Amino acid sequence: MSGILEHDTVELNDKDNSLRIIDQTLLPGRVEIVDLKTPEEIWDAIYRLRVRGAPAIGVAAAIGMYVISVGIAAGSVRTPVMDRRKGDLDGFYEEFRKQKDYLNSARPTAVNLSWALDRMDEVCVRAIAEAGEAGSGNAGLVLDALREEALRIRDADVSTCRDIGEHALTLIHPGDGVLTHCNAGQLATIKYGTATACMYLAHEKGYDLRIYCDETRPLLQGARLTSYELASAGMDVTLLCDNMAASLMKSGAINAVFVGADRIAANGDAANKIGTLGVATLARAFGIPFYVCAPLSTIDAATPDGDHIVIERRPDYEVTEMWYRERMAPEDVKVYNPAFDVTDHELITAIITERGVHRAPYDFRR
């Protein structure tokens, strides 16, 4: 089981010019590393949660755009409207923007997707301008710049998550019981995770935390991913069904709750995996601090509050039949399956980023 931590969640395979990921839809039963080369493969991997977690999605998008850009330059990636007769970087950028918009449509809620794609776009524009000034219409200079930026985003994720963990570690004590929801761990980032970063660091320091993972229905990321990776690291992990959290909190076993986020609005409202709002509400009822851990790139200063966050809707079959031998609901029943909910800032004790512990009143406007 320890083998899962030996693999990077997302990386660039330079040898084959591909985006390499762990296929998380197969965990914990099978660890399979896959290489993605085409825009369709990369889009599908993000949409179908083969790669998931806001930071990991951002890194995958950045590396994915570099991989796609190599294909654009080689002529293997293009739409019918692309005018190859241009023979210059205008045609390259035209196709780059089409593919960027295409990838951005895969997951509407996780802001790290658009954040990473916008960074790659800015680098592309700047590199094209520099190539023009140098009198070169060759895409090589642009590709070099895109590769460097993609790897910069990836490397920054590791240091960012560790910083988040260091700040969160100041809020817990040896022997504490902590609860987390969904997977904001190493499998959602490159290393450490966001909500689990303090757990990894606490484990290194011998804190002997008691960690509790909600299973996180309907896709079971807590059961399949969080309990799997933390147990692989040798931590004391207990898995529970989502509807058991209230009983556990009432027992006094939980000292703090740490969750991740896919988008944080300017006022501190935080969108995270469905069920997070319920956990936050319970934590408030039982007087347990509730912490949201996320990099600054997850904060969307242009979105004023949670009411303006677009919530992704997922297919019905995830609820009715995905994990069952036989369908577990009537054929004609209607299904409500949002991927996320929004936790109001009033329920959040603090938001922890790489810059420190932020407390109310939250104001992340630019």
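Select strand β4, residues 177-180, in this predicted model. Both faces are covered. G177 and L179 lie on one side, V178 and T180 on the other, and all four of these residues are buried.

Keep β4 and add strand β5, residues 210-214. The two strands pair in the parallel sense, over four bridges. Zoom in on V178: opposite this residue, in β5, stands I211.

Now show helix α6, residues 197-204. Together with β4 and β5, helix α6 makes a β-α-β unit, and the unit is right-handed.

Go back to β4 and bring up strand β7, residues 256-259. These two strands also run parallel, joined by two bridges. Which residue of β7 is the bridge partner of V178? Pick A256. V178 thus has I211 opposite in β5 and A256 as partner in β7.

Next stop: helix α7, residues 221-232. Set a distance between its end C-alpha atoms: 15 Å. The 12 residues, at 1.5 Å a residue, should span 16 Å, so the distance agrees.

Colour α7 by burial. Is the helix mostly covered or mostly open? Mostly covered: 10 of its 12 residues are buried. Among them are Q221, G222, R224, Y228 and E229. L225, T226, S227, L230 and S232 are buried too.

What do the buried residues of α7 pack against? Select β4, α6, β5, β6 (236-240) and β9 (270-273). The strand that opened the tour, β4, is one of these contacts.

Finish just past the helix. G234 follows α7, and its phi is positive, near 90°.

How values were computed: Residues are numbered from 1 along each chain as its sequence is written. This is a predicted model: local features need pLDDT of at least 70, side-chain atom pairs count only at pLDDT 80 or more; totals for chains, interfaces and linings use all residues. Side-chain values use heavy atoms; hydrogens and water are left out. Buried means under 20% relative accessible area, exposed over 50%, partly exposed in between (1.4 Å probe, protein chains only). Two strands pair if DSSP finds at least two bridges between them. A crossover is right-handed if, with the strands pointing away from the viewer, the path from the first strand over the helix to the second runs clockwise. The expected span of a helix is 1.5 Å times one less than its number of residues. Contact means heavy atoms within 4.5 Å.
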